[in-house]
Amino acid sequence: MSLSLSIAGKAQFVAYPALIAANFVNSSDVDSSILIEFIDDKTVDSESNAGVKLTTAEGKTLTEQAEILAYFAEKFPGVVPEQAKNEEWTKFALDKLYVKNFKELATDLEKLDAHLNFRSFVLGYNYTTADIAVWGVLRANALMGSILKNGVYTNVSRWYSLLADDKRFESAIEFMTKGLNELRKASKSAKTGGKKETHKA
Amino acid sequence: MADLISKFTKLSLKEVSSAKDSLFPELSAEQKALSSQFQTLSTRLDEDESLIALNNALRTQTFIAGNVPSKADLVVFEKALPVASKWSSTDDLAKYRHIIRWADLIQNTFVEVPQEEQLKVNHNIELPREIKE
């Protein structure tokens, strides 16, 4: 079974949720892995407008994160756990939380913060794709850094930090940053005639 | 941690005091300090001061020792459950919301509590948002 996920690093909405879900599969002991490819551009290829693309084991192409998360949850139950009502929060994350308008974002963060008053996870008592979706989108949103640091939404900050401490979340992001840096280095050296850059003393 | 939760065989309240630390991941020095600090504090949960300290700690961390579960969660939970079961006014629920959130997590992951003794939590109750001072 061969699965490959392509992610555009300069996309308007970087597909961290799909990346984290793939990392859940790759760091589990299930007998298959997902090939992850990074593209240093706004889209994954010139034909499509998509910032993310999954080629499934069945040869289908998925370019919507909601579909990709649902596919992983169906294909790898127990690894990428899904629960009923997940879709509502996944949709909420993908539709609302990428927004770069502070006022709009604040309204939805208040909703999430209220939801997390008596909840340690978005749904139930362990990770689900809803956590992966919400965390991944917030991680991709440049407005979130200072909001989280200042603890404006106490419950959101607590929940976010729990997941950030799990190696499958933050390390997926580090993996991508590293991958993109290597691509940039390679393309730079190709432009300078393939010569390796040397450090000047 | 996700695997730990899904594979954990819940302990009964009676088994809590004899539970082994090795059921949980190893703690860092800082986490160990928090764990023993709050186990000591849990003997004084009749004092409001102790409850406020516990609630404050659980505001920023999911478990007693930080972002990792430990035996301290079980020990403190056993002591906190009878106290928390008495909270019913919206004021109390708002004031101790983080203890309630955590206790509900523990009784659904690590400790088996008989139905009638469980902390009843209405997850959707509306509370005023906590504003950081």
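Trainee: How much area do chain A and chain B bury between them?

Mentor: Good place to start, and keep in mind that this is a predicted model. The size of an interface is often given as the accessible area lost when the parts come together. Of the area buried here, 52% is on carbon and sulfur atoms. For chain A and chain B the value is about 2,300 Å².

Trainee: Which residues of chain A lose the most area to chain B?

Mentor: Three residues stand out on that side, together making up 38% of what it buries. They are A:Phe118, A:Tyr125 and A:Arg158.

Trainee: How many residues of each chain are in contact?

Mentor: Let's take the two sides in turn. Chain A brings 22 residues to the contact, and these meet residues of chain B, numbering 29.

Trainee: Which side chains meet in a salt bridge between the chains?

Mentor: The count between chain A and chain B is one salt bridge, beside eleven residue pairs in polar contact, both residues at pLDDT 80 or more. In that salt bridge, N and O are 3.9 Å apart, within the 4 Å cut-off. The partners are B:Arg129 and A:Glu110.

Trainee: Which helix gives the most to the side of chain A that touches chain B?

Mentor: Two helices of chain A, α4 (102-115) and α7 (154-164), each supply at least two residues of that side. The one that gives the most, with five residues, is α7(A).

Trainee: Moving to the rings, what kind of pair do A:Phe121 and A:Tyr127 form?

Mentor: The structure holds 16 aromatic pairs over all chains, and this is one of them. The ring centres of A:Phe121 and A:Tyr127 are 5.5 Å apart, and their planes stand at 85 degrees. Planes over 60 degrees apart count as edge-to-face, so the pair of A:Phe121 and A:Tyr127 is edge-to-face.

Trainee: Is A:Tyr127 buried or exposed?

Mentor: Buried means under 20% relative accessible area. A:Tyr127 has 3%, and its partner A:Phe121 has 0%. A:Tyr127 is therefore buried.

Trainee: How many residues apart in sequence are the parts that A:Trp135 and A:Phe169 tie together?

Mentor: These two rings also pair edge-to-face, with centres 5.3 Å apart and planes at 75 degrees. A:Trp135 lies in helix α5 (residues 129-140) of chain A, and A:Phe169 in helix α8 (residues 167-191) of chain A. The parts that the pair ties together are therefore apart in sequence by 34 residues.

Trainee: Which residue has its charged end over the ring of A:Phe24?

Mentor: A:Phe24 belongs to one aromatic cluster with residues including A:Trp135 and A:Phe169. The charged end over its ring sits 4.0 Å from the centre, and it belongs to A:Arg168.

Notes:
Residues are numbered from 1 along each chain as its sequence is written. Chains are lettered from A and ligands numbered from 1 in the order in which they are written. This is a predicted model: local features need pLDDT of at least 70, side-chain atom pairs count only at pLDDT 80 or more; totals for chains, interfaces and linings use all residues. Side-chain values use heavy atoms; hydrogens and water are left out. Rings of Phe, Tyr and Trp (its six-membered ring) pair if their centres lie within 6.5 Å; planes under 30 degrees apart count as stacked, over 60 as edge-to-face and the rest as tilted. Buried means under 20% relative accessible area, exposed over 50%, partly exposed in between (1.4 Å probe, protein chains only). Helices (H or I, at least four residues) and strands (E, at least two) are DSSP runs, numbered from the N terminus. A charge sits over a ring if NZ of Lys or CZ of Arg is within 6 Å of the ring centre and within 35 degrees of the ring normal. Contact means heavy atoms within 4.5 Å. Buried area is the accessible area (1.4 Å probe) that two parts lose on being put together, summed over both. A polar contact is a pair of N or O atoms within 3.5 Å; within protein, one must be able to donate a hydrogen and the other to accept it, and residues adjacent in sequence count only if both atoms are side-chain atoms.
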